[in-house]
Amino acid sequence: MWTKLKMNAKNGKSLSLQSKWSLVILAIAIVPLLGATIFFMQYFGGVTRDDSEELAQNILEMNTSRIVEWLNTKTSAVQELVAQHPEFDTSRPDTIFPVIKVLEESDKQSEGYSVINKDGVLANALKLTADVGKSAYFLKAKESLAPEVAEMSFLKQLDKFIIPVFVPAVDKDKKFAGGIAFSVTPDILMEMSKNIHVADTGYGYVISGQGDYYAYSDTERIGKNIADYAQTPELKQAIKHILGNEAGSEAYKGEDGKQVITYYRTVPGTDWKLLITVPKSEIVAKLSSAQRISTLFIIIIILAVIAVALTLTRLIVKPIVAISGVMKRVAEGHLSERVTVRSGDEIGLMSQSINDMIESLSGIVSKIDATVSKVAVSAEEVLNNASLTSNTSAEIELVVQDVAQGMGEQFKGSEQAARATEEMAIGLQRIAESSVNVSDQAESVSTEVEHGYVEIQSTLKQMTVISGAAEETSALIRNLSGQSEQIGQIIDVISEISNQTGLLSLNASIEAARAGEHGRGFGVVANEVKKLAERTNSAIVNIVELIRQIQESTRAAEVSMEKSIAEIGDGMGKMQNVGTSFDHIRSSIREVSVQIQDVSAVNEQMSAGTEEITASLSDMLIIARDSAESAEMVAEASTEQRNLMGRVVTSAASLNQMMSELRGEIEKFQ
């Protein structure tokens, strides 16, 4: 600990006790003061800002009320006039002009009154007309039946800006019936804006819902849009918020680059907005003055606290510095030094305790000096014995490593033999399994061959039956062909009879013609006989054609049956040959099946013997692996023993060196 503190002191990283006590006193005195000062500055700053915002909001509310009252006064006068004259007919404006002339004469702030009928046609006493039926303010007033204020526009005839106001009228059924319109100038708004003052240079102005200036200190801006003067993104964003909200405040950099706060409120019944812009520096001017005074006051208090802290800490630290000097001399080996005790407080008690510690330390050093001499002699003997033991451990390690290496090679050989035997056993097992499969397949093939032989014998019998049936069918077809020939002969006889009948009917017709009137009936009979003979000839022709086709089909069937009989004879010969071949195959398969069963039995015996050999080699492999692992453990233990003896030698040498150094250190004390 003391060494670390000394190193920190040398490196300049540790503060003195006086500095630490001074910092503690300063922290205890100044931190609460700073906290309280900052709290009150923030508190009164917030109060100041709230007061400024409340003042601006009050001014906004008061002036918007004035504007609303001014508009209500004018619209109320028109509404009262309309109510007093229910005979108003906006379709006949000439009857209304004399009445509204009273308003024109009494109202000096307006620029003339006009009549608008229910269709939106405007007329005035100067015979000027206009169609405002599609104007937004007319449509809104028609729907709501309440006064509406139009957007400001520039009237060239008067060379000034005007703001039209439309007061709708209703008929006896409470339906829209046109109304009275009048125009006001923004002069009254200009006057109201000039009377708005906040702080030193805060000013007020009026804009429309679209951002057009209605009242501003710079008259050149009247009728122009506020966005035209926004050159920075921050100012454009502030204007967007002002136009998009009904009321509120926005802080931003103004056109001159200074921070300003704009308070705004929408005038009820219109989309006008009354704005008050105040430089932020003027709002926080009083707060800044208070902050400067508070800062100066804190600096004075801090300087006074520093002076008091340094004086007090110097008085506290002086005895500690004296103790530090004595301890430094003791650290250098002068055990005869003592601290002067000047008081009975905690520092005095600490001084007396330090003196007692130095006295005790002096006695301990004397005893250590005597003990070091004896330990040094023993350390030299330990070093010599450890060196001899280390050399012997090295020789044992070499022998054990050779044994472990031999056991490792033996284990590798046993492992390779076991692997080869295991692979051979696996091969024999696969051969045995294949033999069993082949035997099973041979049995299956033998069964299939036997079944095929039976099927072939059955097929030969069936082919013999088919051959006999084909012979019978061929004989029937030959008989049918002979009968067709007989039918042909009969048809020839019928054809001759039909021809003779035709000749007879012809002769009968000739004789009937000769007989005249008496032979007319016989002629009719002859004619019918002729028709019958013709029909018979026609039928005989069809029968002859049909008999010819039957004879051709019969001859073709006879030829086909002869070919089929020949093919059946050839098939029976081939099937007999196949039956003979299947008989030979059946005998061969039986012999092969018997031989395969013998081979399978031999393979199973060889596989069982190989498994016994593999089990024996596995046991040998386990024994060899255990022996190799034991040899490796002995080799590792020998290596660890040698390393341990090396560390013992190193420790003995270090002990001998430390004894020498300790003796040198003890000799420093006086």
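The following questions and answers concern the packing and sheet arrangement of a predicted model.

User: Which helix gives the most residues to the largest nonpolar core?

Analyst: The largest nonpolar core has 58 residues, and those with the most contacts inside it include Ile67, Val78 and Trp272. In soluble globular proteins, nonpolar side chains tend to be buried together. The helix that gives the most to this core, with ten residues, is helix 2 (residues 17-84).

User: Which residues does isoleucine 67 touch, not counting residues up to four places away in sequence?

Analyst: Ile67 is among the residues with the most contacts inside the largest nonpolar core, as are Leu189, Val206 and Trp272. Not counting residues up to four places away in sequence, isoleucine 67 touches Leu189, Met192, Val206, Val267 and Trp272.

User: Is serine 208 buried or exposed, and what is its relative accessible area?

Analyst: Serine 208 is found in the loop between strand 8 (203-207) and strand 9 (213-215). Leaving aside neighbours within four places in sequence, serine 208 is in contact with Glu151, Tyr214, Leu243, Asp271 and Trp272. Buried means under 20% relative accessible area. Serine 208 is therefore buried, with a relative accessible area of 0%.

User: Within what arc do the buried residues of helix 4 fall, seen down its axis?

Analyst: The buried residues of helix 4 (residues 136-144) are Tyr137, Phe138 and Ala141. They line one face of the helix, because seen down the axis of helix 4 they fall within an arc of 100°. The face turned away from this buried side carries the exposed residues Ala136 and Glu143. The arc asked for is 100°.

User: Which strands are included in what covers the buried residues of helix 4?

Analyst: Tyr137, Phe138 and Ala141 are the buried residues of helix 4. A second, separate core of ten residues includes Tyr137, Phe138, Ala141 and Phe176. The cover over the buried residues of helix 4 includes strand 1 (110-116), strand 4 (148-149), strand 6 (160-170) and strand 7 (176-184).

User: Which strands stand at the edges of the open sheet of five strands?

Analyst: The order of this sheet is 9-8-12-11-10, with antiparallel pairing. Each edge strand has a single partner strand, so one side of each is left without a neighbour in the sheet. The edge strands are strand 9 and strand 10 (247-253).

User: At about what angle does helix 6 run to strand 10?

Analyst: Strand 10 pairs with strand 11 (residues 259-266) in the antiparallel sense over seven bridges, and alanine 247 stands opposite arginine 265 in strand 11. Helix 6 (residues 233-244) lies across strand 8, strand 10, strand 11 and strand 12 (273-279). The angle between helix 6 and strand 10 is about 175°.

Definitions and conventions:
Residues are numbered from 1 along each chain as its sequence is written. This is a predicted model: local features need pLDDT of at least 70, side-chain atom pairs count only at pLDDT 80 or more; totals for chains, interfaces and linings use all residues. Side-chain values use heavy atoms; hydrogens and water are left out. A nonpolar core is a set of buried Ala, Val, Leu, Ile, Met, Phe, Trp, Tyr and Cys residues joined through side-chain atoms within 4.5 Å. Buried means under 20% relative accessible area, exposed over 50%, partly exposed in between (1.4 Å probe, protein chains only). Helices (H or I, at least four residues) and strands (E, at least two) are DSSP runs, numbered from the N terminus. Contact means heavy atoms within 4.5 Å. The arc is that of the directions from the helix axis to the C-beta atoms. Two strands pair if DSSP finds at least two bridges between them. Axes are lines fitted to C-alpha atoms, for helices over the stretch in contact, and angles run from 0 to 180 degrees between N-to-C directions.
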